[in-house]
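Grab a pencil and work through these short exercises. Each one comes with a worked solution.

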Amino acid sequence: MEIDGIISAIFIGIVIGVLGRLVIPGRQRIGVLWTILVGILAALLGSAIAAGLGVADTDGVDWVEWLIQIALAAVGVAALDRSKARR
């Protein structure tokens, strides 16, 4: 992955983290920085999964890649929220 890919993954990760947080019903007890970090990780991991499935580079918008990334972000936010709730 080149530097422009990493920078775009960070910006996309912010959006993915916010969307992942919006998918989960109720209030989450994690901060904005944790949401952004989860989104960045979900964006990077989701891109790798989409590339492995062969759906990363399509003509137009890569909807499947976005759905994978948002789902991973939602799972990450929910997992982090549950770990915070147990403390």
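**Exercise 1: the inside of H3**

The buried residues of H3 (buried is under 20% relative accessible area, exposed over 50%, partly exposed in between, with a 1.4 Å probe and protein chains only) are Glu65, Ile68, Gln69, Ile70, Ala73, Ala74, Val77, Leu80 and Asp81. This is a predicted model: local features need pLDDT of at least 70, side-chain atom pairs count only at pLDDT 80 or more, and totals for chains, interfaces and linings use all residues. Residues are numbered from 1 along each chain as its sequence is written, and side-chain values use heavy atoms, with hydrogens and water left out.

Task: find what the buried residues of H3 pack against.

Solution. Start with the helix itself: H3 covers residues 63-85 (helices, H or I, are DSSP runs of at least four residues, numbered from the N terminus). Its buried residues pack against helix H1 (3-23) and helix H2 (32-53).

**Exercise 2: the span of H1**

Task: check the end-to-end distance of H1 against the expected span.

Solution. Take 1.5 Å times one less than the number of residues. Because H1 has 21 residues, it should span 30 Å, and its end C-alpha atoms are indeed 30 Å apart.

**Exercise 3: tryptophan 66**

Task: is tryptophan 66 buried, exposed or partly exposed?

Solution. First, place tryptophan 66: it sits in helix H3. Next, its relative accessible area is 28%, so tryptophan 66 is partly exposed. Last, leaving out residues up to four places away in sequence, tryptophan 66 touches Ile12, Val15, Ile16, Leu19 and Val61 (contact means heavy atoms within 4.5 Å).

How values were computed. Helix = DSSP H or I, 4+ residues; strand = E, 2+ residues; numbered from the N terminus.
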